[in-house]
Amino acid sequence: SPAPTTAPQPQRQPPQQQPQPQQAVANGGGGGSEDSPSGGAGVVSSTSSGGREATASPPPAASPSPASSPGVWPGRKWADVVSKEKEAAARPAAVSGASSSGDAAAPPTSAAAAAAGAGGSSGSGAPAAAEGLRGGGSLQDFLLLLAQKEEERRGGGSGVASGELELPEALEKYRKHFLTENGVTNTSAAWYNRRGMRNDANNCYVNVVVQSLLPCSALMQLLSNCAQSDLERPFYTGMVRLCKEFHSKKQKTEALNVLRLPQVKEIISAWQALGAQQDAGEFLFYMLNGMHEECKWKVLPPEPSSPSAPPRRRGSSGASGEEGASGGGGCGGSAWDGGGEVEVRSAGCHEDSPINRIFGGLIQSSLRSVSTGADSVSLEPFNHLILDISSASVNSVLSALEAHCREEVVDEGRSQKRLQFESLPKVLILTLKRFSYNKDTGCPQKIKKAISYEERLAFDRSWLVDQTTEPQEYQLTAVICHHGESANGGHYNAAVRYNQDWFMYDDALIRQMESREVMNHMHTAYILLYLCHGKVDMRP
């Protein structure tokens with residue numbers, strides 16, 4: 001993969017302009033050069049990008065100043081979170097397991113420690129549930145306890161069925177909770193305040209990530225049932241506090257300054273301390289990986305005696321997404337065989353989590369030796385796909401996906417490799433690889449070609465391991481755009497669907513837009529978020 005890029009020296013931030021009226025139109029253009037941190041660009045691993053490696057690290061640029069924006073009164077679970085704020089504040093610290101103030105910052109080391117864990121911790125979070133309730137009895141504690149007891153049961157220990165499990169009083173409320181009993185709908189109607197976000201510290205990359213995640217119904221329902229002062233889960237706490245600002249019972253029209261939220265500011269500071277550039281894609285996956293690390297469990301192989309878990313063959317993988325993204329080794333089929341069994345290896349220990357249930361999928365990599373005809377098949381988890389758009393034949397998302405799954409010759413012609421999807425996520429994140437390393441100049445460069453995309457996306461059957469199931473259809477929900485002539489500067493804004501309407505979020509400025517305008521951002525589209533119908537099962 002290309003070598004990491006070197007960021008330029010920071011430039012002075014232009015002075016803030018005076019607030020402009022809400023009617024002002026945000027055209028999405030770059031507002032000058034934005035500061036770049038001192039570190040180099042991070043290389044996204046093949047595990048998270050679905051089998052391809054890529055470097056993508058454009059720093060953003062300055063943007064218009066804050067202005068007020070319209071709000072919509074919410075009518076869902078977040079109102080309960082807000083109304084219980086005083087109860088949590090009055091509760092003794094020994095009972096709540098956290099600070100009595102919802103605005104209190106986590107200890108200075110907590111986010112940094114979690115950031116380190118998000119980088120590659122491979123342990124399971126389940127044992128923490130046995131040692132003590134980390135969040136004073138949170139939803140995450142309940143899920144980890146279920147995962148631990150199931151692992152004990154599989155190992156011949158004292159584990160019992162979840163319905164017979166004796167729970168601490170603080171967790172009893174989750175036994176029949178809708179999140180763990182029936183799952184959550186992935187495409188529920190959105191009811192949140194549409195608010196702009198201030199850009200006082202070159203944080204437009206943060207703003208677009210937040211605005212793009214708000215329509216993700218399953219994520220919002222998960223966060224609305226998580227503790228808002230869990231000191232041992234700074235990523236979850238930061239996201240809960242942040243999303244609460246958009247789901248307040250009181251209409252808030254002023255632009256939100258994320259740096260005024262201590263929990264969020266600490267996460268951003270820990271992110272910047274890693275030396276990462278201000279790239280929206282990298283920050284998005286930093287947040288998702290952080291939450292994954294704070295509540296995860298090991299994926300157990302199917303029980304041999306289970307009639308619902310026969311040996312996996314080609315065409316029985318659950319690529320429609322109904323089976324979720326978890327899985328392990330077993331017998332399956334390669335991309336070239338006629339349906340015979342082939343040993344499937346897992347790329348490392350697979351882990352599951354609520355975040356993985358929403359954003360995670362599995363991709364199957366089949367490698368065939370030209371000389372012997374032997375197949376080697378492995379499964380790799382992913383939470384986003386990085387699509388190479390450098391080829392002249394790639395001019396759309398569909399052609400980029402086709403190229404991603406196309407058979408290729410590797411190992412100096414001795415082997416053939418092909419990628420297929422074993423399972424697909426409920427929320428599909430596609431990153432167009434617009435930033436690459438130029439070996440001739442030794443500098444990063446931006447690919448500014450037009451890449452078309454559609455409001456509805458369906459995978460071709462040939463891209464799936466299970467080619468007998470009707471591919472699920474995705475609906476476009478957000479488009480994060482990067483404006484700028486190079487990888488060393490620019491500005492981010494995002495077109496986000498709010499139920500049937502589209503809105504452009506350019507920091508503090510918001511304007512409604514037509515769907516045809518959303519499709520016209522072909523030269524600047526960088527990250528695409530697609531949602532599919534169905535339910536997300538959170539239960540281990």
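This note goes through a predicted model, from its overall make-up to a few helices and single residues.

1. Overall make-up. The model holds 16 helices and 22 strands. Of the 540 residues in the protein, 55% are buried. The accessible surface comes to about 21,800 Å², and carbon and sulfur atoms account for 50% of that surface. Among contacts between residues at least 6 apart in sequence, 75% join residues at least 24 apart.

2. Helix H7. This helix covers residues 139-154, which is 16 residues. From its first C-alpha to its last, H7 reaches 23 Å, close to the 22 Å expected at 1.5 Å a residue. The buried residues of H7 are Leu139, Gln140, Asp141, Phe142, Leu143, Leu144, Leu145, Leu146, Ala147 and Gln148. Polar and acidic side chains may deserve a look here, and Gln140, Asp141 and Gln148 are among the buried residues.

3. Threonine 180. This residue sits in helix H8 (residues 178-181). Threonine 180 counts as buried because its relative accessibility is 2%. Leaving aside residues up to four places away in sequence, threonine 180 touches Leu139, Phe142, Leu143, Tyr174, Arg175 and Arg539. Of these partners, Leu139, Phe142 and Leu143 are listed among the buried residues of H7. Threonine 180 and proline 540 are 360 residues apart in sequence, yet their C-alpha atoms are 8.8 Å apart in space.

4. Helix H11. All of this helix is buried: eleven of the eleven residues of H11 are, so the helix is largely enclosed by the rest of the structure. The buried residues include Arg241 and Lys244, alongside Pro234, Phe235, Tyr236 and Met239, among others.

5. Packing of H11 on H13. Helix H11 (residues 234-244) and helix H13 (residues 280-294) pack with their axes 7 Å apart and at an angle of about 120 degrees. H11 is therefore oblique to H13. On the H11 side the contact is made by Pro234, Phe235, Tyr236 and Met239; on the H13 side it is made by Tyr286, Met287, Gly290, Met291 and Glu294. By class, the contact has seven nonpolar residues, one polar and one charged. An α-helix has 3.6 residues a turn, so residues three or four places apart point the same way. Spacings of this kind can be looked for among the contact residues of H13, including Met287, Gly290, Met291 and Glu294.

6. Threonine 237. This residue lies in helix H11 and is buried, with a relative accessible area of 5%. Not counting residues up to four places away in sequence, threonine 237 touches Ala227, Gln228, Ser229, Asp230 and Gln263. The C-alpha atoms of threonine 237 and glutamine 263 are separated by 6.9 Å, and the two residues are 26 apart along the chain.

7. Leucine 288. This residue belongs to helix H13. Leucine 288 is buried, at a relative accessible area of 2%. Apart from residues up to four places away in sequence, leucine 288 touches Ile355, Phe359 and Ile429. Leucine 288 and isoleucine 355 are 67 residues apart in sequence and 6.9 Å apart in space, C-alpha to C-alpha.

8. Positive phi values. Aspartate 411 has a positive phi of about 55 degrees although it is not a glycine. Aspartate 411 is placed in the loop between strand S11 (408-410) and strand S12 (415-423), and counts as partly exposed because its relative accessibility is 42%. Asparagine 499, also a residue other than glycine, has a positive phi near 60 degrees. The loop that holds asparagine 499 runs between strand S18 (491-498) and strand S19 (501-506). At 30% relative accessibility, asparagine 499 counts as partly exposed.

9. Threonine 524. This residue is in the loop between helix H16 (515-518) and strand S21 (525-532). Threonine 524 is buried, with a relative accessible area of 16%, which is under the 20% cut-off. Its contacts, not counting residues up to four places away in sequence, are Arg434, Ile480, Cys481, His482 and His483. Threonine 524 and arginine 434 are 90 residues apart in sequence and 9.0 Å apart in space, C-alpha to C-alpha.

How values were computed:
Residues are numbered from 1 along each chain as its sequence is written. This is a predicted model: local features need pLDDT of at least 70, side-chain atom pairs count only at pLDDT 80 or more; totals for chains, interfaces and linings use all residues. Side-chain values use heavy atoms; hydrogens and water are left out. Axes are lines fitted to C-alpha atoms, for helices over the stretch in contact, and angles run from 0 to 180 degrees between N-to-C directions. Helices (H or I, at least four residues) and strands (E, at least two) are DSSP runs, numbered from the N terminus. Angles under 35 degrees count as roughly parallel, over 145 as roughly antiparallel, 65 to 115 as roughly perpendicular and the rest as oblique. Contact means heavy atoms within 4.5 Å. Ala, Val, Leu, Ile, Met, Phe, Trp, Tyr, Cys and Pro count as nonpolar, Asp, Glu, Lys and Arg as charged, and the others, Gly among them, as polar. Buried means under 20% relative accessible area, exposed over 50%, partly exposed in between (1.4 Å probe, protein chains only). Accessible areas come from the Shrake-Rupley method with a 1.4 Å probe; for residues, only the protein chains shown count as cover. The expected span of a helix is 1.5 Å times one less than its number of residues.
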